[in-house]
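Colleague: Hey, I've just opened this one and don't know my way around yet. Can you walk me through how some of the helices pack?

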Amino acid sequence: MQRPHPAASRERSGFVAAFLSLLFPGLGHAYLGAWRRGLGWAAVPLLLLALAGGVALRLSRFDLAGLAVQQSFLDALFVGNLITFAYRAAATVDAWWIAHRLAPPAYPRAARGGGTAATLRSAGSMLSIAGLAAVLLVMSVAHVAVARYDRLLSDLVGCVFTTDAAVCQPAESAAPGGSGEPAPSVDQGGVPSAPGTVGPPIASATPGSPWDGKSRLNILLIGVDEQGGAHNTDTMITVSIDPTTHQVVLFQLPRDTVDVPIPPGPARNVYGSTFQGKINAWWSAVHNRSDWYPGNAATNQPGYNGLKAILGNLYGLDINYFVEVNFGGFTKIVDVLGGVTVNVQVPVVDDRYPVPGGTLQRLYIPAGLQHMDGAAALRYSRSRHQSSDFDRGARQQRVLVSLREQTDIASILPSLDQLTAAIQQSVRTDIPPSLVPQLLQVASGIDARSIRSVIFTPPYYGTEGSDPVRGYIIEPNVSRIRAAVRAAFTVDPAFAEAHDAIAEEGATAWVLNGSGRSGQAASLAAYLDYLGIAATAPAQRPDTTGLPTTTIKAYNGAEGTDPLTAAALQQVFGVTVQPVTDPLVHVDFIVITGRQTPTLTPPPVP
């Protein structure tokens with residue numbers, strides 16, 4: 001026979017018992033004096049918390065973060081959240097019911113207050129029930145929030161870790177071929193589209209192998225323009241990471257590059273040894289050819305695998321994975337992150353920047369630190385007129401590195417919904433979710449200041465030309481490109497150490513063109529940036545009267561606060577830095593070129 005519960009005192013209310021059970025199962029029972037019953041309710045969550053704590057101590061923070069992108073874990077979390085809510089609700093109701101049943105009779109209070117016992121009992125019951133309902137409502141809100149964000153993250157994982165662009169996009173915005181229908185014909189710069197699949201499939205070429213966690217990791221970053229139903233891969237940056245030294249080099253091929261060698265396989269049998277179209281059209285040329293490259297044509301896998309294959313063949317690399325972002329999604333992501341601050345080295349002037357509707361407008365972005373929203377960052381990254389592909393590629397990489405440096409997880413939590421929606425509609429990757437913990441661990445050891453880049457542009461890496469059919473083209477120097485990739489991780493350690501030390505000073509410099517030679521200031525600014533000095537080339541002409549050679553001015557004590565930068569400038573130009581005090585000048589150093597100033601450019605291989 002079960003022992004009766006101890007009588008509750010007049011001060012012990014059902015609402016308080018329910019509220020304490022909200023905090024932790026069993027507390028409400030302890031408050032009522034039902035210790036054994038309370039311990040029974042508390043035992044299960046205490047054991048589960050101890051188990052979870054033990055598991056968490058055995059896992060690294062990267063393993064824990066990696067669980068957030070495992071679909072099985074998210075599904076288990078959803079079910080566990082429902083079970084937990086049911087358990088907590090049952091414990092709360094049980095504590096309230098015990099308090100309600102053991103409450104003292106209302107007759108004495110009725111006699112003192114003049115009311116009937118039934119009336120007081122009814123009023124007390126209604127208030128007690130209302131209190132219980134309020135506690136359960138608060139509890140349910142918390143669990144509904146957990147369930148909502150669990151499903152939000154689950155949808156994000158399902159959208160991002162797939163090659164099917166149509167999974168999370170409206171049908172009208174899906175990439176060509178996403179529905180399994182033949183893609184529309186794409187202008188490949190005068191190169192006809194390959195014929196459709198006929199006969200038995202030919203053996204597929206393998207574009208890349210899974211990363212083993214020890215060798216160099218190569219990930220292709222793709223920026224795609226999907227206007228008009230096309231899928232032009234206008235930005236192609238291969239991120240090459242040495243997991244041992246944490247060195248990172250970015251390799252970028254201009255979109256107008258033609259005659260890129262095709263690796264051996266069935267595609268080469270059709271097109272020949274090189275793809276005569278522009279490289280940004282290669283994805284569209286092969287995205288539905290599963291007989292050429294492995295993968296489901298309905299989800300565009302052959303396009304991504306084909307792009308990894310042709311670029312990997314050009315670089316002599318095994319490109320393991322890709323990450324794709326469309327330009328519309330890029331704009332939304334930058335906006336949700338609160339914009340990005342970029343050090344604009346050279347003013348961007350474009351009198352023919354295209355805008356929606358087919359019209360052109362004038363674009364001007366001044367030099368210096370500029371905080372940009374998504375639209376401005378995209379204009380800065382994509383402007384092509386009155387600028388070289390080298391400048392364009394450098395600007396794109398500068399935006400990516402700036403975003404990585406400035407992204408703060410805590411600051412984006414209030415905008416998590418918008419960020420999730422933007423990412424799931426615009427980002428695709430074939431990186432396995434199980435690999436995320438390792439990638440996070442590698443990324444944590446990367447210093448953004450040590451990231452170097454090689455942009456394969458003329459004249460060193462190719463030759464510019466004009467073709468009556470293909471228009472503006474760049475013919476690559478394949479041997480130089482492959483040599484640059486091979487030598488990318490063989491930088492002189494002494495130079496790397498000096499570069500990092502100068503960069504740590506954080507000095508800024510302007511290079512003003514006083515010689516009259518076109519492009520000299522921009523070239524020198526790029527060279528100083530290569531040395532680790534944050535240099536820009538404002539479009540202004542200095543007074544060079546009586547200055548045949550280089551003049552270097554250090555403002556407001558910069559020669560003392562930034563001695564390594566001052567020494568590097570003196571060594572480069574062979575002149576002494578002149579101290580100047582002027583509170584109106586907010587840059588540390590100003591270099592004014594003269595007729596005898598040498599023209600310096602960064603070496604082709606960093």
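Modeller: Sure, and keep in mind that this is a predicted model. Let's start with H1 and H5, which are roughly antiparallel to each other. That's because their packing angle is about 160°, and anything over 145 counts as roughly antiparallel.

Colleague: Where do I find those two, and how far apart are their axes?

Modeller: H1 covers residues 14–23 and H5 covers residues 71–101, with 8 Å between the axes.

Colleague: Is the crossing left-handed or right-handed?

Modeller: H1 and H5 cross in a right-handed way. On the H1 side the contact uses Gly-14, Phe-15, Ala-17, Ala-18, Ser-21 and Leu-22. H5 brings Arg-88, Ala-91, Thr-92, Ala-95, Trp-96 and Ala-99.

Colleague: How many of the residues in that contact are nonpolar, polar or charged?

Modeller: In the contact of H1 with H5, eight are nonpolar, three polar and one charged.

Colleague: OK, switching topic. What about H11 and H15, how do they pack?

Modeller: H11 is residues 327–336 and H15 is residues 416–426; they meet at about 160°, with axes 9 Å apart. That angle is why H11 and H15 are roughly antiparallel too.

Colleague: And which hand does the crossing have there?

Modeller: H11 passes H15 in a left-handed crossing. From H11, the contact takes Gly-329, Lys-332, Ile-333 and Val-336. From H15 come Gln-418, Leu-419, Ala-422, Ile-423, Gln-425 and Ser-426.

Colleague: What's the mix of residue types in the contact of H11 with H15?

Modeller: Five nonpolar, four polar and one charged.

Technical notes
Residues are numbered from 1 along each chain as its sequence is written. This is a predicted model: local features need pLDDT of at least 70, side-chain atom pairs count only at pLDDT 80 or more; totals for chains, interfaces and linings use all residues. Side-chain values use heavy atoms; hydrogens and water are left out. Axes are lines fitted to C-alpha atoms, for helices over the stretch in contact, and angles run from 0 to 180 degrees between N-to-C directions. Helices (H or I, at least four residues) and strands (E, at least two) are DSSP runs, numbered from the N terminus. Angles under 35 degrees count as roughly parallel, over 145 as roughly antiparallel, 65 to 115 as roughly perpendicular and the rest as oblique. A crossing is left-handed if the near helix is turned anticlockwise from the far one by less than a right angle, and right-handed if clockwise. Contact means heavy atoms within 4.5 Å. Ala, Val, Leu, Ile, Met, Phe, Trp, Tyr, Cys and Pro count as nonpolar, Asp, Glu, Lys and Arg as charged, and the others, Gly among them, as polar.
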